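Biologist: I would like a close look at one part of this model. Please keep it brisk, and work outwards from there.

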Amino acid sequence: MNSLIRNTARCLRSGAAVYMPRQADGRVWTSSARFLCAAADVQKALGDIVQKDKVVVFMKGTPAQPMCGFSNAVVQILRMHGVDDYASYNVLEDTELREGVKAFSNWPTIPQVYFSGEFVGGCDILLQMHQNGDLVEELKKLGISSSLLEAEKESK
């Protein structure tokens with residue numbers, strides 16, 4: 001445990017290599033202490049970010065200017081449901097964020113959508129939920145009334 005504390009303290013200083021204990025197969029793992037700390041910090045920060053808002057989207061670009069078709073599709077689906085108040089993070093501005101969110105969710109692609117801290121999926125999952133009506137139900141659980149549901153009521 002003391003070596004873990006010492007190695008963590010090194011994160012803030014030198015960035016020297018950290019030698020992990022010898023594995024059962026005899027290999028010794030080496031890694032940058034700064035990288036190990038940065039990765040842990042990114043994962044903690046991502047955990048905090050996805051908990052902070054009801055709906056969080058990690059995307060390429062911004063809702064006002066999506067930079068890929070899949071990110072645009074997610075923005076349009078949310079817009080159709082009247083979900084305009086959500087946190088979005090442009091992964092093109094930060095390589096650490098882009099790679100970190102992929103590791104955090106264990107999902108290889110962007111965009112990524114979270115509802116109340118839980119990973120929902122990417123564009124394909126959100127589109128499927130929109131098409132089969134599950135998105136209306138999930139939004140209702142968040143206390144968000146879908147504008148598509150409201151429009152349907154008004155047309156009757």
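Biologist: Take lysine 102. What does lysine 102 count as by relative accessibility: buried, partly exposed or exposed?

Modeller: This is a predicted model. Lysine 102 counts as partly exposed, because its relative accessibility is 24%. The lower limit for that class is 20%, and the upper limit is 50%.

Start with its partner. The side chain of lysine 102 meets that of glutamate 99 in a salt bridge, 3.8 Å from N to O. That falls within the 4 Å cut-off. Both residues lie in helix α4. They are three residues apart, about one turn of the helix. Glutamate 99 has a relative accessibility of 43%, so glutamate 99 also counts as partly exposed.

Now stay in helix α4, which covers residues 95-105. Phenylalanine 104 sits there too. At a relative accessible area of 29%, phenylalanine 104 is partly exposed. This residue brings us to the aromatic rings.

The structure has five aromatic pairs. One of them joins phenylalanine 58 and tyrosine 114. Their ring centres are 5.8 Å apart and their planes stand at 85°, so this pair is edge-to-face. The angle is what settles the class, because edge-to-face needs over 60 degrees. Phenylalanine 58 belongs to strand β3, residues 55-59, and tyrosine 114 to strand β5, residues 112-115. The pair therefore ties together parts 56 residues apart in sequence. Both rings belong to buried residues. Phenylalanine 58 has a relative accessible area of 0%. Tyrosine 114 has 1%.

Tyrosine 114 also pairs with phenylalanine 104. Here the centres are 6.1 Å apart and the planes meet at 45°, so the pair is tilted. Phenylalanine 104 is in helix α4 and tyrosine 114 in strand β5, so this pair links parts ten residues apart in sequence. Put the two pairs together. Tyrosine 114 has an edge-to-face contact with phenylalanine 58 and a tilted one with phenylalanine 104. Ring pairs link both of these partners and tyrosine 114 into a cluster that also takes in Tyr89, Trp107 and Phe119.

Next, follow strand β5 one step along. Phenylalanine 115 is found in this strand. Its relative accessibility is 6%, so phenylalanine 115 counts as buried. The C-alpha of phenylalanine 115 lies 8.3 Å from that of glutamate 138, with their positions 23 residues apart in sequence.

Glutamate 138 takes us back to salt bridges. The structure holds four. Glutamate 138 and lysine 141 form one of them, at 3.0 Å from N to O. Both lie in helix α6, three residues apart, about one turn. Glutamate 138 is partly exposed, with a relative accessible area of 27%. Lysine 141 is another matter. At 64%, lysine 141 counts as exposed, because exposed means over 50%.

Helix α6 spans residues 134-141. Lysine 140 and glutamate 137 are also in this helix, three residues apart, which means about one helical turn separates them. Their side chains meet in a salt bridge of 3.8 Å, N to O. Lysine 140 is partly exposed at 48%. Glutamate 137 is partly exposed at 40%.

Some acidic residues gather elsewhere. Asp41, Glu93, Asp94 and Glu96 form a patch of negative charge on the surface. Look at aspartate 41 in this group. It lies in helix α2, residues 33-52. Its relative accessibility is 53%, so aspartate 41 counts as exposed.

Finally, the whole chain. It has seven helices and six strands. Along the sequence their order is α-β-β-α-β-α-β-α-β-β-α-α-α. Of the 156 residues, 33% are buried. Phenylalanine 58, tyrosine 114 and phenylalanine 115 are among them. Lysine 102 is not in that group, because 24% makes it partly exposed. Back at your starting point, then: lysine 102 is bridged to glutamate 99, and helix α4 holds both residues.

Methods
Residues numbered from 1 in each chain as written. Predicted model: local features only at pLDDT ≥ 70, side-chain atom pairs only at ≥ 80, totals over all residues. Heavy atoms only, no water. Patch = residues over 30% accessible without salt bridge, like charges linked within 9 Å, V, L, I, M, F, W, Y side chains within 5 Å. Areas by Shrake-Rupley, 256 points an atom, 1.4 Å probe, with all protein chains shown as cover. Lys, Arg positive; Asp, Glu negative; His and termini not counted. Charge placed at Lys NZ, Arg CZ, Asp CG, Glu CD. Helix = DSSP H or I, 4+ residues; strand = E, 2+ residues; numbered from the N terminus. Buried < 20%, exposed > 50% of the residue type's maximum accessible area, 1.4 Å probe, protein only. Phe/Tyr/Trp six-rings, centres within 6.5 Å; stacked < 30°, edge-to-face > 60°.
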